[in-house]
Amino acid sequence: MTLWDLTQGASAKVSRFKSSIESGYRTRLSELGFHPGEQIACVMSPSMGAPKLYRVNNTVYSLDDSIASLIEVA
Amino acid sequence: MSSTQASRIALIGSPNSGKSLLFNRLTGLNQKVANFPGITVNIASGQSLHDSSIQYLDFPGVYSMQAISGEEKVAVEAFISALEDNLLDAVVCVVDSTRLEKGLIFALQVLETCHRYNKPVLIAANMVDVLDQHSMQFDASGLSEALKVSVLPLSAKTGAGLEQISQSLADTTVPPEKFQSDIIASDDSVNHLHAQELAEKYGPRGDLLINTQTRLDSFFLHSWFGGLSFLVIMYLLFQSIFTWAAPAMDGVEASIQWLASVVLPLIPAGVASDFTSDALFGGIGAFLVFVPQIFVLTLVVGMLEDSGYLARAAVICHKPLRFFGLTGKSFIPMLSGVACAIPGVYAARTVESTRKRWLTYLAIPLMPCSARLPVYSLIIAAFIPAQKAMGGLVGWQGLAMFAIYLFGILCALLVTALVSRSNAELRTDLPFVLEMPPYRLPSWRPLIINAWNRSKHFVTKAGKVIFAVTVVIWVLGYFPNYGTSLGDSWLGTMGQWIEPLFAPFGLDWRYGVAILSSFLAREVFVGTLGTMFGIEGAEENFTSLAQQIQDSGLPLGAGAALLVFFAIALQCVSTLAVLQRETGSWRLPLQLFISYSIFAYTAALAVFHLVELLV
């Protein structure tokens, strides 16, 4: 399951990044808090494929499918 | 820190850490753009209000010293080269104390960098007012001891702690090589683990994300209410540009007229008087009238940004704009372009991705800007009857105006869709990751300062180019017969040279000259045409000029061709000048000018033949 599959209100722990993710992005997502082991909650999932809102620590980020589907959660 | 001359202190921090607000608080109105050799990034500099021996330099916000976007790379390189060239005496690293872990990941990178260049660092733990509101604590002295540099809790919003910044800067030291910790991990994650450890030990505990943010998001990003409120907010934005700025624009115009009525009688009749009247008051005055619009737009967009809404608008628009090769972040620049392309180009700075910003630059000049309005009004009044249909509900003229506005927007989206699909590099780009800042009431003072600086910048930078072109156009139109006959002037001669160019879509040399002069600014078209039709003050007298155009037997196809030509062509020297300034080269403005001229010409020709075929 990826972060993009997470439904509104659900939360899960980041398990790993897909290998297709560019290393610069892996580092950046880690720096923003999306690193393996961290609990992420999907706080908003607007309809029609709009970017979803994810909460990590005390911050909310909006991620589109192109990046959220490269983060695996469990 | 050197004490003999003004100390140069860099402010560095991630976006939404409150760094720029802190900079505005520390320097007030004493700001200017710092000039660093070879750097195209904007670094604002300002003298401290609290200590005149300190000069602050506000570096653009970055999330990490390992940059991923073009904008970040430039900012990080600027910071590193300022350290290398010994241009800085100390560094203030701004972190958000409510999100300490994230701030510390970046702060640890800054400490490592500053250790290499032997520069003292002060950690400014911002937003302690939010901690106070939630009765939360954070152990600044403990953190300071752990990091071996000073940590100053402060609030850029309330001003708490700001008076201690000079003392803290004097007390702080060069960071040690490595922060002391028991953690042994690979380099990639070591900073993160250290930051986590420090945040847990010294940071505030508990849930700080206020529920109101989630509640507001569930409204503003709701499938229906979100879209509806988006439309309402955009409508209000438009209204503000046109209605709030209108009195100020009238004021500027009246002031220029008053100044002209005082100055012109003092100059003896002749070349000098004509130059002052036509080029200085006419040419420069016409452009100064738009300054209030830029001020209001910067203020309102700044307010939306400060309130946290802009990030939500970008989320709403991301998906539809992605289809056209753009990103949600292109939305505000394009929207600004409907008022005027210049603030639109400035607003494009918020698009971090260089490629998407480049695509946004392609779209902005095609957005139906307000300078096109007088031209559209004139042509529509000349060709479309002022009748209403459907029981007075729909006016044909209004419908025509709507159609030509829509045409411009569709052209912009078509261009970006085609260009982005033609180039694989433009298709694959930075994924959309956007921090949603908390909603908050805007801080007016920095917003007004920013809008003022932006307007000043517009006048001083674009003004120089506009002045130069005004002089050239005036000289060409005035000589060799001293303004007695425009048709025999050099401009008129050039108009006759270019007549064959416009004849294929039914326009004579007078329209050619008007188009030529409208390169300065589109609305000049109406004035030039008016002069040539022998009507004084044509811009206030659309209907009679429209009548003249009708009587001159201009075919309907030519009128439609003119509309289409003006909707596409980039005849705006200020936009070209600002694009040059923002991209650092003439390459893009020239490419756009040439390709949009060809596009405008081809489309106008096609529309002329189509209309002539149908009518």
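Two strands pair if DSSP finds at least two bridges between them. Strands (E, at least two residues) and helices (H or I, at least four) are DSSP runs, numbered from the N terminus.

Welcome to these exercises on a predicted model, where local features need pLDDT of at least 70, side-chain atom pairs count only at pLDDT 80 or more, and totals for chains, interfaces and linings use all residues. Residues are numbered from 1 along each chain as its sequence is written, chains are lettered from A and ligands numbered from 1 in the order in which they are written, and side-chain values use heavy atoms, with hydrogens and water left out.

**Exercise 1. Find the partners of strand β4 (residues 54-58) of chain B, and say how its side chains are placed.**

Step 1. Start with β1 (residues 7-13) of chain B, which pairs with β4(B) in the parallel sense over 5 bridges. As an example, B:R8 has B:Q55 as its bridge partner in β4(B).

Step 2. Now look at β3 (residues 43-47) of chain B, which pairs with β4(B) in the antiparallel sense over 4 bridges. Here B:S45 has B:L57 as its bridge partner. A hairpin through 6 residues joins β3(B) to β4(B).

Step 3. Turn to the side chains. In a regular strand they alternate between the two faces of the sheet. In β4(B), B:I54, B:Y56 and B:D58 point one way, while B:Q55 and B:L57 point the other way.

Step 4. Check the burial, where buried means under 20% relative accessible area, exposed over 50%, and partly exposed in between (1.4 Å probe, protein chains only). In β4(B), 5 of its 5 residues are buried.

**Exercise 2. Describe the two chains, each as a whole.**

Step 1. Chain A has 2 helices and 5 strands. Along the sequence they follow the pattern β-α-β-β-β-α-β. Of the 74 residues in chain A, 58% are buried.

Step 2. Chain B has 26 helices and 10 strands. Of its 615 residues, 54% count as buried.

Step 3. Consider contacts, meaning heavy atoms within 4.5 Å. Among contacts with a separation of 6 or more, residues 24 or more positions apart account for 61% in chain A and for 70% in chain B.

**Exercise 3. Work out how chain A and chain B meet.**

Step 1. Count the residues: chain A gives 30 to the contact and chain B gives 36.

Step 2. Look at the buried area, which is the accessible area (1.4 Å probe) that two parts lose on being put together, summed over both. Between these chains it is about 2900 Å², and carbon and sulfur atoms give 57% of that. On the side of chain A, A:R28, A:E31 and A:N58 lose the most area to chain B, together 23% of what that side buries.

Step 3. Follow the strands across the interface. β4(A) and strand β10 (residues 433-436) of chain B run antiparallel and are joined by 4 bridges. In this pairing A:Y61 stands opposite B:E435.

Step 4. Look for salt bridges, each a side-chain nitrogen of Lys or Arg within 4 Å of a carboxyl oxygen of Asp or Glu. The interface has 2 of them. In one of these, B:R322 meets A:D65, with the closest N and O atoms 3.1 Å apart.

**Exercise 4. Trace salt bridges within chain B.**

Step 1. Recall the principle: side chains of opposite charge can pair when their charged atoms come close. Over all chains, the count comes to 10 salt bridges.

Step 2. B:D96 and B:R99 form a salt bridge with closest N and O atoms 3.0 Å apart, and both residues are buried.

Step 3. B:E435 and B:K102 meet in another salt bridge (3.2 Å, N to O). This pair links distant parts of the chain, with B:E435 in strand β10 and B:K102 in helix α3 (residues 100-116), 333 residues apart. Both B:E435 and B:K102 are buried.

Step 4. B:D306 and B:R440 also meet in a salt bridge (2.9 Å, N to O). B:D306 lies in helix α11 (residues 291-307) of chain B and B:R440 in the loop between β10 and α19 (444-478), 134 residues apart. B:D306 counts as buried because its relative accessibility is 18%, whereas B:R440 is partly exposed at 35%.

Step 5. Finally, join the pieces: salt bridges that share partners connect B:D96, B:R99, B:K102 and B:E435 into one network.
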